[in-house]
Amino acid sequence: MLSLLLGTLAGVVLGTLSGLIPGLHTNTFAGVISAAAVPLSLVFGAEGICCLLVSCMIVHTFLDAVPSTFIGVPDADTVLSVLPAHRLYLSGNGEEAVRLSALGSLWGFVYALPLFAAFYFILPLFQTEIDWAIGLVILTAAGLLIVFSKTPLWALLLFLVSGLLGVFSMRFSYFSFGAFGMGEVLLPLLTGLFGIPVLLHALKAVPQTADQSFSDLFVSKKEMAAHTIKGTIAGAIVGWLPGFSSGTANALLAFHKSGDYESKNPRGYLLATSAANTANAVLGLAALYAVGRMRSGALAAAAEFPLPNIFMLLAAAGASAAFAYVLTVIFAKTGKYIAKVNQKMLSASVLIFLIILTAVFCGPFGLMILILAAAVGWIPAKLGIPRLYCMGAIMIPVMLFSFGLLQL
């Protein structure tokens with residue numbers, strides 16, 4: 001029992017670090033833990049390491065809201081929530097944005113629990129049919145997003161260009177080789193598409209950050225329940241379907257017939273996407289135990305060890321979610337201090353850090369992808385269209401893979 005507790009607490013620490021440091025992800029720590037499996041097993045045991053990995057994965061889904069909101073740098077799960085959250089921060093409501101994200105994640109965890117049994121016992125019976133329909137689901141979702149945009153032609157072109165870049169990046173991901181072995185190609189791809197343009201814009205014209213204050217959450221309990229349930233359902237869907245990610249769920253949540261996903265309801269969108277991210281992580285456990293599907297690097301690393309009782313990992317995940325909520329609320333208060341920092345210097349420092357991180361973990365190929373992705377990510381601002389359509393970098397490769405037209 002002591003090793004399980006130690007593993008969970010260690011996961012909370014690592015998840016906090018990966019959530020707060022732009023560019024780091026739980027997959028990074030998962031690779032390090034796999035490489036150091038022998039010495040770590042002596043400390044935590046196999047079951048403790050599994051708790052560590054699951055705890056790190058859950059905590060990350062809470063804490064990643066902090067850099068997304070205050071710095072405007074996303075990771076793979078927050079690529080579409082970064083703009084509404086950062087906009088709230090610039091208007092003086094950064095703490096509210098982070099608190100909303102924390103509540104969304106917490107309720108996403110709670111609402112995911114009743115779905116866990118259905119995912120574990122029922123969905124494996126229909127796995128063949130589910131796998132077959134994935135490509136059609138993505139094609140339908142992408143079509144709706146483009147058709148209902150304000151500029152369908154530009155949206156389509158941006159979706160296809162980013163998709164071509166995504167196909168190239170994933171097809172030749174084996175060239176992404178850094179100081180610690182194979183690199184995660186999503187790091188330069190998504191950082192370039194969604195993070196670098198924000199930082200470059202901040203360097204070019206530093207935004208005026210309003211004084212940060214927090215008095216209340218400007219969303220009713222009814223709205224909170226509606227948005228978090230919606231997000232949990234989206235996260236549940238992608239938590240089971242192979243090839244989907246939380247970013248895909250967020251793209252589906254962004255769909256609105258007006259096409260104005262960023263400003264229509266930023267608070268509701270933050271609640272929904274945060275719930276989707278955490279529900280996706282929780283229900284990924286069900287996919288691992290029921291059909292052996294590994295939905296993340298953390299779960300893939302956990303599968304290398306003898307898996308403990310599933311309820312043990314759920315208990316570790318629940319404890320981690322409670323810790324993560326408290327930590328996120330604490331770090332939400334740091335926005336008023338970050339607002340006093342020279343924003344141009346902060347953006348330049350983060351930009352340099354991300355370039356160095358890409359070079360270290362992904363090597364020259366990663367740097368090339370980062371540059372290409374940043375060029376594509378700069379297009380939406382020039383054309384005045386949402387950056388949502390850059391999600392073609394994820395959706396098109398997955399769609400082609402599901403149709404058997406692409407080997408990843």
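Start by selecting helix H14, residues 310-332, and pick out Ser320 in it. This is a predicted model, and H14 is where confidence is highest in the protein, at a mean of 92. Is Ser320 buried or exposed? Its relative accessible area is 0%, and since the cut-off for buried is under 20%, Ser320 counts as buried. To see what surrounds Ser320, show Thr8, Val12, Ser55, Ile58 and Val59: it touches each of them, leaving out residues up to four places away in sequence.

Keep Ile58 on screen and colour the largest nonpolar core, a set of 59 residues. Ile58 is among the residues with the most contacts inside this core, along with Leu53, Val54, Phe70, Phe116, Val282 and Leu285. Now select helix H3, residues 37-63, which supplies the largest share of the core with 14 residues.

Next, centre on Phe70. Which residues is Phe70 in contact with, leaving aside neighbours within four places in sequence? Turn on His86, Tyr89, Gly94, Glu95 and Val98, then Phe331, Ala332, Thr334, Gly335 and Ile338.

There's a second, separate core to visit, too: 31 residues, with Ala142, Ile385, Tyr389 and Ile396 among them.

Finally, colour by pLDDT. The protein averages 78, and 80% of the residues score at least 70. At the low end for helices, go to H11, residues 246-253, with a mean of 56. Then select residues 256-262, where pLDDT is below 50. That stretch has 21 contacts in the model beyond near neighbours in sequence. Where pLDDT is low, though, predicted coordinates shouldn't be read in detail.

How values were computed:
Residues numbered from 1 in each chain as written. Predicted model: local features only at pLDDT ≥ 70, side-chain atom pairs only at ≥ 80, totals over all residues. Heavy atoms only, no water. Core = buried A, V, L, I, M, F, W, Y, C linked by side-chain atoms within 4.5 Å. Buried < 20%, exposed > 50% of the residue type's maximum accessible area, 1.4 Å probe, protein only. Helix = DSSP H or I, 4+ residues; strand = E, 2+ residues; numbered from the N terminus. Contact = heavy atoms within 4.5 Å. pLDDT = per-residue confidence, 0-100.
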